[in-house]
Every structure is written in structure tokens, then in C-alpha cells.
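Trainee: Could you walk me through this one, a piece at a time?

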Amino acid sequence: MPLRTLPTGLITSCINLAFAQQIPFALKVIKYIKYQQFSTKMSLEEAKKIAAFKAVDEYIKDNTVVGIGSGSTVVYAVQRLAERVRREKLTLVCIPTSFQARQLIIQNALTLGDLEQNPKIDCAIDGADEVDANMVLIKGGGGCLLQEKIVASCAEQLVIIADYTKNSKQLGEQYKKGIPIEVIPMAYVPIRDRISSSYGGKLVLRMAVAKAGPVVTDNGNFILDWQFPSTESFDWEKVNLDIVSIPGVVETGLFIKMATRAYFGLADGSVVERSA
């Protein structure tokens, strides 16, 4: 980390210490400040972990079918599931919501299932990009919204795990990337124009990072991210119904009246819970 990112007063003190032949102590001070600057990121990961662990411990029972969501927080949930299976000898069947989820299940030696053989799921555990005060979710930042919603719709309970940055009073308060909308590739332009004309805001075709061109979902579709006007109040249930009725729209990242409970891990090590 360059010195210019450290507080000016600290840099001056360390230089003075160095000139006073106290170089080892000066280096220790700089290392301590670097640790403090990275501690926020570390606590964010820890917040995800404690939320995931608590949800798994409270909702997952023996002899059940479990929906496995996608994203960074779900990694901790699968780790905890694997620990409990080894320790408690639980019998679980895990239904993935994406290629990533499937790999997590396999890598952790859990039993892999599908909806063809297990059409009813006892509990699905998944993350969210944002959760508002009414338990309306934005999901799909990782591009898996369609399969996530299918699995969630088959689950008796949908439990959301997230860190504190995903907990908002209203959608758009913290998550600024917009609502993902999965669309048939040939229709993305008319869909983009129609939603923009009806509700305002900006719709952006999500572009890939490691390939040229747009992101292609596990289902072979494109994703439009709708950056809706944050100053307006929307009836999200109506908006969702309107959007999914547009020919070419496969699904939206709005999850309405689906979540049973949400766990938000905080930086201080506690967990805030919210029920539908």
C-alpha cells in the first residue's frame, strides 16, 4: 500500500521515528494501520459467514431436501451444511440453483438432487443483493435469477442470508446496479425500450468480464440491469407483473412474497433477523 493512502500525521510520525533510528517500531505502526484499513472488508466476510451459519443451524433438519442458492454468501452456508452432515450424520438432498451451486454441492461431498426427483423442497437458502423493509428482494447480481426463483418457488421456506450492506428500507437505497431482468437475446432492445418508456430509468445490457460481448446466463439468455428511478415509489408487485408480461422477458430479479426469513450478519459479530 503506498504511503499516500495513510494519514498524513502518521506518515510524519513514522518518518521521525525512522530518523530517530526506531525503524522497526515505525514499520510495526504502518503494518497496524494497514491491518485496520483492511479490517472492514474482513468483517464483511465474517458478517456473511455468521448469517449463513445461523440460518443453517436454525432451519436445516435431518431428512430434508434443501435448495442451494448462488453467490458468495451461500459458500459459507454450504460449508456449514457439510460440517453438520459430517458431525451429525444428517441425510440431506441438495438442489442447486446454478452451475456454481452444483459445484459447491459436489466439492463438499453433499448429495446432489434435482427438481425432477425432488419437486418439493423443504427449505431453500440463498443470498440477496438487497432486501427492503417489506421483504421484497433484488436477486440476480450473479446472473442466476431464473433458476433461483424456480427453486425458491418450490420451497416451503425461503431463507435469505446476507451481510449488513444488503439490509435497506427501500430498494435502491444501497444496491445501485439495478434489478436484473433475464431476456431472450433477440428481444433485448424492444424490452429495454418498453420498460424505460413505461417506468423511466436506464436499462443496461450486462457485459461479460472474461469474454467479449454480453453475459450469457446458464439458460442461454441475456440480462438487462434496470437502474430504476430511486426518487419514485413503486408498487413492486404490479411492476413485476407488467414486466414479465412483455414477450421475450424470461424472469425478473424481483422476489416478492417469497422470503420467509432474512438473516443479516453485522460487523460486530451479531445477527439481525427479519421475518415476512
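**Strands, spaces and cysteines**

Mentor: Let us begin with strand β8 (residues 202-205), which pairs with β9 in the antiparallel sense over four bridges. Strands pair here if DSSP finds at least two bridges between them, and the elements themselves are DSSP runs numbered from the N terminus, with helices being H or I of at least four residues and strands being E of at least two. This is a predicted model, in which local features need pLDDT of at least 70 and side-chain atom pairs count only at pLDDT 80 or more, while totals for chains, interfaces and linings use all residues. Residues are numbered from 1 along each chain as its sequence is written, and side-chain values use heavy atoms, with hydrogens and water left out.

Trainee: OK, and which residue in β9 is the bridge partner of Leu 205?

Mentor: Leu 205 has Leu 224 as its bridge partner in β9. Strand β7 (residues 179-183) also pairs with β9, antiparallel and over five bridges, and there Glu 182 is partnered by Ile 223 of β9.

Trainee: Is β9 mostly covered or not?

Mentor: Strand β9 (residues 222-227) is mostly covered, with five of its six residues buried, where buried means under 20% relative accessible area, exposed means over 50% and partly exposed lies in between (1.4 Å probe, protein chains only).

Trainee: What about β1, how many of its residues are buried?

Mentor: Five of the five residues of β1 are buried, so β1 is largely enclosed by the rest of the structure. Both of its faces are covered, with Thr 64, Val 66 and Ile 68 buried on one side, and Val 65 and Gly 67 buried on the other.

Trainee: And which way does β1 run against β2?

Mentor: The two run parallel, and five bridges join β1 to β2 (residues 92-96), with Gly 67 standing opposite Ile 95 of β2. Between them the chain passes through helix α3 (residues 72-88), and this β-α-β crossover is right-handed, which means that, with the strands pointing away from the viewer, the path from the first strand over the helix to the second runs clockwise. Strand β1 also pairs with β3, in the parallel sense and over three bridges, and there Gly 67 stands opposite Ala 124.

Trainee: Switching topic, which strands form the open sheet of three?

Mentor: That open sheet has the order β4-β5-β11, with antiparallel pairing. Its edges are β4 (130-131) and β11 (254-255), each with a single partner strand, so one side of each is left without a neighbour in the sheet. Two bridges join β4 to β5 (residues 137-138), and Glu 130 has Ile 138 as its bridge partner.

Trainee: Now the empty spaces: how much space lies in the largest pocket?

Mentor: The largest pocket holds about 380 Å³ of space. On a 1 Å grid over the protein atoms alone, a pocket is an open set of points with protein on both sides within 12 Å along at least five of seven lines, a cavity is a set where a 1.4 Å probe fits but cannot get out, and lining residues have an atom within 4 Å of a point. Of the 29 residues lining the largest pocket, Ser 70, Gly 71, Ser 72, Asp 129 and Gly 142 lie nearest its centre, and the elements that give two or more residues to this lining are α3, α4 (99-107) and β6 (155-163).

Trainee: How many cavities of 30 Å³ or more are there, then?

Mentor: The count is two, and the largest has a volume of about 40 Å³. Its lining has 13 residues, with Thr 97, Ala 124, Asp 126, Glu 148 and Leu 158 nearest the centre. The second largest cavity holds about 30 Å³ and is lined by Thr 97, Gly 143, Cys 144, Gln 147, Thr 217, Asp 218 and Asn 219.

Trainee: Last one: how many disulfides are there?

Mentor: The count is zero, taking a disulfide as a pair of cysteine sulfur atoms within 2.5 Å. Cys 94 counts as buried at 0% relative accessibility, whereas Cys 154 is partly exposed, with a relative accessible area of 25%.

Key:
Points joined across faces, edges and corners; volume = space filled by probe spheres on them.
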